[in-house]
Structure formats: C-alpha cells, structure tokens
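Trainee: Please give me a close look at the aromatic rings in this model. I'd also like to know what sort of surroundings they sit in.

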Amino acid sequence: MTNVLLITADQWRGDSFGAAGHPVVKTPNIDRLAAEGTRFRRHYAQAAPCSPARACLYTGLYQMTNRVCRNGTPLDRRHDTLALAARRVGYDPTQFGYTDVAQDPRTSGGRDPWLTTYEGVLPGMSVRVRLPEDVQPWLSWLRARGVDTPPGIDIYLPMDAPADPPSGADTLYSADETETAFLTGEFLRWLSEQDRPWFAHVSLIRPHPPFIVPEPYASMYSPDDGPEFLRAGTRDIEAAQHPFLAYSLNTIQKTNFVHGATGSIGDWDKKACRQIRATYWGMISEVDAQIGRMMEGLDRAGAAGDTLVILTSDHGEMMGDRHLFGKLGWFDQSYHVPLIIRDPAGSARGGEVSGFTESVDIVPTILERIGADVPTHLDGRSLIPFLSGEVPAGWREEAHWEFDFREVVTAATETEFGLPLDALNLAAVRGARFKYVHFGGLPPLLFDLESDPGELVNLADDPAYRDVRLEMAEKLLAWRARHLDRQLTGIELTESGPVSAGLDRRFG
C-alpha cells in the first residue's frame, strides 16, 4: 500500500510560487517538489470560501450536488468522502489542522456542540490535531515554550507597531513557532510512530489571514516589488461593472484580513495594499520552509519513495486585484490554485500539465492510486494518467466553479438584491479564451481573456459577442445537465440484478 500525504495551504493563489513563474515569490522547497513531480498549471477550485471549497475537494462533487453553499452549510451525510473511502481499503486518514465540514444536523440533536460551528471534522477522519479559528492548541503549545501569549487571537497583533495601516512589523512569535511550524512538528512526530501504510491530511491555515508573519519573512519582500494590481482606475469604475462587485466593494471589512484594523477595505490606499501583498508573499515563503521540513522528514523516515504527495489549496485570494481582498465572485484569482503531485509510480518528473484540472479531481486521483473503487457518480476525473505524461481521452476544455452569496442568518443579500435565497448564486465556465458567468437573478458577464486578462470589460451585452455568449451559456447549461446528482442514475435494476454503467461510458 502507498502512503498518502495531502497538504492544503489555505487561500493560496495559483500564480504565487516560484515554479509558477512568479517574478518575486521565493519557494525553493515547493519548486523542488514540482521538479520531482507534476505541476498542474490550470488548476481551479470549484467554490469559495473555505467550507464550500473543501466540500468539493473532499467529496469529488461540484457544489450543485454537494450543496455546501456557505461556511456553516451542513454536508449531507449521504455523500461519501475521501476519508470514508480510504478507510474502506484499510487506511486510517488522520487530520492535522482542520477540514471545516459542518455536520449534518439530522444525524445528531439536542445540545451537540458540533451543531454550533462550521469547523467540524470530515466524516471518516481521525484527528491527531484539530486547529480551529481560535488556534487554542497552537497557543497552548506556545505557552509551553515560554511565549507570553496575549488573550484570544491578539497573538496576531504586530510587535511595536499599530495594526493599521499595515506595517509588515514582526510578530510576538518566531519563525519556528508559527502555526505552520507547530502542525509540521506534530505531523513529523506522528510520522515517527507509523509502522504501516498511512494517510495524513496536513491542512495548513497559512497564507490565510490575518496577514502577519514573523521575521525573516516579514521583511523578505518589499512593498515596491511586484507587478501592478489588476484593477480599474478607481473603485467607482470597478463598481459600475456589476451589482455584485459594487456590493462587495462596499461591504468587505478590514478586520477580515488584518487583526485590529477597523473600517472598509476601501480605506486602504495602494501603499497599504502593497504592504499587505508583501506580507502575503512572506507567509507563502514561511509555508514553503515548513513544507521543506515535511519533505526532509519523509526522507529521514525512508518514506519518500512510497508516498503520494499532493500539494494544493482550497481557494485563492484577490490580494488587491479588482480593489478586493478575500475569495469571492467569478475572479480567476479566487479560484486558480496550485496543484503539485509527486507520485513514486509516475514517470513525468518535472512535467507540467496545461489542461484544465479541478479540485474535484483530487478524490478520484487518490482513490485510484490507493486501489479503492472510484465511484462513477463523481464529478472529478483521476489525474493519474497525467503523472506518466499521458492525456486522458475526452479531457475537459474548460474549468467550472460556483459561488453562492446567500446570507442565511442576516438576509443581507436578499435585501440588497431583492432576490430569494436560492437565486443568490453564480456559475462560471472558464475556457482558454472566454469566461462566461451566469447569475441566478443578476446580469451575466462575458470576458475575452486574451485581450482583457484583468476581466475589466464585460462583453455580455456587446452585439459582436452575442454568438460567443450563447455558446458559452450553452456549454454551462450542458455542464450542469451532465453533472446533476448521479449517485443512482447510472444504475438500472434488471432481472439479473443491478447493472452499473462504467467510467468508460461516462467519459467516452
């Protein structure tokens, strides 16, 4: 049996590491992993924020089927998960960090604490270390090391500097005391205990906000470095493109990204945005150093040659583009994420895949590699052929994602847009040239990515692009029709018993 190490680094843009050709960010360990494995250049998440993105990643199902719409939407227990499937073939999938899976309230009741949080555990996972948003396991570890931690998450306030405007100041903890270092150490300690094939999911919170990082990473990058932001000239021009964009620009708060800051992200000028971006890059380099520790740990344990390593993220980050921070909407920056796979059985060392791949492909890839059944109803497809330099027949020519902006508790978006709950969503189809975005009740969007990579010019109402809009809308409609819930639709009961259509008939 093959070992499995699934590493997710939260909120990591697909363009922000060395092997992806970033002009500034330094990630030598990740680049080395890419040189030893296969890098997927056009890999996209299927939803945002964390819980919806991870529901797709862990079930192999699009949001239209798993129906995890927001953080806190329960994952229906009828859906199988990567962890449950791995458990059926003899693995004990073990969590380090978090999986952000809200529990199905129909499976428990009363005053069950799991019904008060979206930070539940993926069904099938054993938990070695659970690190929720309050990061208490990390804080207690710091205190045991003699770090005088402040109350709550004030650990994320900078040392000797105000929180806002962002300064890139040092932290109260050192580079070997970060949350990433803590989880890496716990994984390596657990690894030393293993005497049989294992499955570990190391779910790192960084480079997710709050955006702060210790030295030497705090000052590793200058705010003056890097390209210009992809954005319209002013926020007003930006907001005029679409009602949802206007709403987002007016409602997103600083405190979501910088602990101790107050007010709207619109109050940050370009200098502040550049400082935040430099800090974000430093956080990525800090994660890179700890990934290097994990790879060295595999080498020391003699496990590197028997371990499937998958490195990816749940979703991306706007990081100042379009005058936004966070993960939302239809933007490539929010959904394009890294994917590197190092498979000891693969032969395409240092290979790069330019075809469109999706987070839903991770489940069938792992299941095929560990010898588990790959259910025919999954929306993803195995990436195993790519790891040997092959391209599977009939591979997709577009990437797809969905974003649901309902607010169940406050009804804020229902009030803002005058739409019912189930109309507050969008679906995007993104090809090599065009991207089309369809809303449940708001105007559509169409972009020509060749002439307008920043997606600043909406062509949806341009008569010259009417046929393109129709073609893309038809592709989106056909995609949805093909991927509606199929758990039973590929099975027919006959006099001889159930007959199931195989994978070759799904994709042939």
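Mentor: Let's start with a word we'll need right away: a residue is called buried when its relative accessible area is under 20%. Also keep in mind that this is a predicted model.

So, the rings. The structure holds 31 aromatic pairs. To describe a pair of aromatic rings, you give the distance of the centres and the angle of the planes. Try that on tyrosine 44 and tryptophan 401: their ring centres are 5.3 Å apart, the planes make an angle of 15°, and the pair is stacked. Now find the two in the fold. Tyrosine 44 belongs to strand E2 (residues 38-44) and tryptophan 401 to strand E9 (residues 399-404), so this pair ties together parts that are 357 residues apart in sequence. Are these two rings buried or exposed? Tyrosine 44 has 2% relative accessibility, so it counts as buried. Tryptophan 401 comes in at 0%, which means it is buried too.

Next, turn to tyrosine 91 and phenylalanine 199. This pair is edge-to-face, with 6.3 Å from centre to centre and 75° between the planes. Here, too, distant parts of the chain are linked: tyrosine 91 sits in the loop between helix H4 (82-88) and strand E3 (94-97), phenylalanine 199 sits in strand E5 (residues 199-204), and 108 residues separate them. Now our opening word pays off: tyrosine 91 is buried, and phenylalanine 199 is as well.

Rings can also join up in bigger groups. Follow the ring pairs through Phe244, Tyr247, Trp330, Phe331, Phe403, Phe405, Phe417 and Phe439, and you'll see that they are linked into a cluster. And a ring can have a charge for company: the charged end of arginine 277 sits over the ring of phenylalanine 229, at 4.5 Å from the ring's centre.

Now for the surroundings. The chain has 14 helices and 14 strands, and buried residues make up 58% of its 508 residues. The radius of gyration is 22 Å, which agrees with the value near 23 Å that a compact globule of 508 residues would have. Along the principal axes, the C-alpha trace spans about 75 × 65 × 55 Å.

There are empty spaces in there as well. You can find 4 cavities of 30 Å³ or more. The largest cavity holds about 170 Å³ of space. It is lined by 18 residues, and Pro166, Ser167, Gly168, Phe211 and Ile212 lie nearest its centre. What classes of residue line it? The lining of the largest cavity has 13 nonpolar and 5 polar residues, with no charged ones.

The second largest cavity has a volume of about 50 Å³. Among the residues lining it are Tyr58, Asp80, Leu82 and Pro375. Helix H4, which we met just before the tyrosine 91 loop, turns up again here: helix H2 (50-59), H4 and helix H11 (362-369) each supply at least two residues of this lining. By class, the lining of the second largest cavity divides into 7 nonpolar, 2 polar and 1 charged.

Then come the pockets, which are open. About 1,200 Å³ of space lies in the largest pocket. Its lining counts 45 residues, and those nearest its centre are Pro49, Arg70, Asn71, Asn256 and Lys327. Helix H8 (243-251) and helix H12 (412-417) each put in at least two residues, and the largest share of this lining, 4 residues, comes from H8. By class, the lining of the largest pocket has 24 nonpolar, 13 polar and 8 charged residues.

The second largest pocket, with a volume of about 740 Å³, leads us back to a strand you already know. There are 32 residues lining it, and Arg13, Asp15, Leu230, Gln333 and His336 are the closest to its centre. E2, helix H9 (270-300) and helix H10 (332-335) are the elements that give two or more residues to this lining. Which element gives the most? That's E2, with 5 residues, and E2 is the strand that carries tyrosine 44. The lining of the second largest pocket sorts into 15 nonpolar, 6 polar and 11 charged residues.

How values were computed. Residues numbered from 1 in each chain as written. Predicted model: local features only at pLDDT ≥ 70, side-chain atom pairs only at ≥ 80, totals over all residues. Heavy atoms only, no water. Phe/Tyr/Trp six-rings, centres within 6.5 Å; stacked < 30°, edge-to-face > 60°. Buried < 20%, exposed > 50% of the residue type's maximum accessible area, 1.4 Å probe, protein only. Lys NZ or Arg CZ within 6 Å of the ring centre and 35° of its normal. 1 Å grid on protein atoms, 1.4 Å probe; cavity = no way out; pocket = protein on both sides within 12 Å on 5 of 7 lines; lining within 4 Å. Points joined across faces, edges and corners; volume = space filled by probe spheres on them. Nonpolar A, V, L, I, M, F, W, Y, C, P; charged D, E, K, R; others polar. Rg over C-alpha atoms; globule rule 2.2 N^0.38 Å.
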